[in-house]
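The following exercises are to be worked through with the sequence and the three-dimensional model at hand. Each task is followed by a solution in steps.

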Amino acid sequence: MSLPVIDLARKRTQVAELMVKACEDYGFFKVINHGVPQEVITRMEAEGQNFFSRPASAKQRAGPANPMGYGCRNIGFNGDTGEVEYLLLHTNPISIAQRSKAISRHPSQFCSVVTEYIEAVRELACEMLELLAEGMRIPDKKVLSRLIRDDESDSVFRMNHYPCCKERDASHRVGFGEHSDPQILTLLRSNGVGGLQISLEDGVWVPVPPDPNSFCVNVGDALQAISNGRFVSVRHRAMANSFKSRMSMIYFGAPSLHAQISPLPELVSPQNPSLYRPFTWTEYKKAAYSLRLSDSRLDLFRTAAHGQAL
């Protein structure tokens, strides 16, 4: 199986329709001609590689991840582990500037590169969210993008590094375990090394080959709720690699902590009632942090008619 590849240079109405269908059928897709300058991507990849190549003692000065900062193997607070080390940053420029002092020997350069990259991918995320609103025939085309453009947006940027695994069973070693992303929209790039897999309904794990010309995009839990289940937040994972280390750069577009998440009114009707009760992003984050990676979270916020658990 190959994911849909959407060319953003095509006619806007066609792109909107293709993107909506991809979110409905797969929850994952790739975009090309995305407008993020290659030099911005290259500089960000170089900064990530520089950081992860440093001695463990130097990297640990940027941690522990609580939740922002540097982490190694331990993922979250509930016992999940993987063959991964990572750097998690809030996208707020002031936060990035403060964190850069413990991350890089050239903090101003690191801060500048990260901020430039985040601004570029945020614009791409907002453009795609506006296309999705158009494709769903929502009158307010900015109803989704406004959530992550908010000055108090809780969006985060993560770099994952999966060291080369030399052991015999490396192909069965999990780098980052099965999960869905809690945010609205995720934009991912890797350094050309495979490992990403998505889960189909029948339980089969399908590899997603890396592509240097595209961004991989997936629906988050919050967007599944906002779309009243029309879009699907697909479970995915990353596997270890026996031959080469893998680095991925991921932007997670999220609303502000006090933002209320609920199905858009245009997507609710007597024939298609609301699947989820309203909740704040703070409520959802609290629920997500209380569970293991593989646990289902959206089920906790279903309406009583659809098995609400809270």
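**Exercise 1. A charged residue in a loop**

Between which two helices is the loop that holds R54 found? Establish also how R54 is placed with respect to other residues.

Solution. The structure is a predicted model.
- Step 1: R54 lies in the loop that runs between α2 (38-52) and α3 (56-60).
- Step 2: R54 is buried and takes part in no salt bridge. A salt bridge requires a distance within 4 Å, whereas E47, the nearest side chain of opposite charge, is 8.7 Å away from R54.
- Step 3: A polar atom of the R54 side chain lies 2.8 Å from the backbone oxygen of I103.
- Step 4: Apart from its neighbours within four places in sequence, R54 is in contact with K59, R61, I103, S104 and R105.

**Exercise 2. The sheet of four strands**

Determine the order of the strands in the open sheet of four strands, and state which strands stand at its edges.

Solution.
- Step 1: The order is β6-β11-β8-β9, and the pairing is antiparallel.
- Step 2: β6 (174-179) and β9 (205-207) each have a single partner strand, so one side of each is left without a neighbour in the sheet. These two strands therefore stand at the edges.
- Step 3: On average, and with direction ignored, neighbouring strands of this sheet are turned by 25° against each other.
- Step 4: Three bridges pair β8 (residues 196-199) with β9 in the antiparallel sense. Here I198 stands opposite V206 in β9.
- Step 5: V206 has a relative accessible area of 8%, so V206 is classed as buried, the limit being under 20%.
- Step 6: From C-alpha to C-alpha, V206 and N92 are 34 Å apart in space, and 114 residues separate them in sequence.

**Exercise 3. The sheet of eight strands**

Describe the open sheet of eight strands and identify helices that pack on it.

Solution.
- Step 1: The strand order is β1-β2-β10-β7-β12-β5-β4-β3, with mixed pairing.
- Step 2: The edges are formed by β1 (5-7) and β3 (69-75), because each has a single partner strand.
- Step 3: The average turn between neighbouring strands of this sheet is 25°, direction ignored.
- Step 4: Strand β2 (residues 28-32) runs antiparallel to β10 (residues 215-219), and four bridges join them. In this pair, V31 stands opposite F215.
- Step 5: Helix α4 (residues 93-103) packs on the sheet and touches β3 and β4 (80-90). The direction of α4 makes about 125° with that of β4.
- Step 6: Helix α5 (residues 107-135) also packs on the sheet, where its contacts include β2, β5 (156-162) and β12 (246-253). The direction of α5 makes about 125° with that of β7 (185-190).

**Exercise 4. Backbone geometry**

Which peptide bonds, from G63 to P64 and from N66 to P67, are cis or trans? Where are N33 and R73, each with a positive phi, found?

Solution.
- Step 1: Most residues other than glycine have a negative phi, and most peptide bonds are trans.
- Step 2: The bond from G63 to P64 is cis, with omega near 0°. The bond from N66 to P67 is cis, with omega near -5°.
- Step 3: P64 is in the loop between α3 and β3, and P67 has its place in the loop between α3 and β3.
- Step 4: N33, which is not a glycine, has a positive phi of about 50°. N33 is found in the loop between β2 and α2.
- Step 5: R73, not a glycine either, has a positive phi of about 70°. R73 belongs to strand β3.
- Step 6: R73 is partly exposed, because its relative accessible area is 40%.

Methods
Residues numbered from 1 in each chain as written. Predicted model: local features only at pLDDT ≥ 70, side-chain atom pairs only at ≥ 80, totals over all residues. Heavy atoms only, no water. Buried < 20%, exposed > 50% of the residue type's maximum accessible area, 1.4 Å probe, protein only. Lys, Arg positive; Asp, Glu negative; His and termini not counted. Polar contact = N/O pair within 3.5 Å; in protein donor to acceptor, adjacent residues only side chain to side chain. Contact = heavy atoms within 4.5 Å. Pairing = 2+ DSSP bridges. Axes fitted to C-alpha atoms, helices over the stretch in contact; angles between N-to-C directions.
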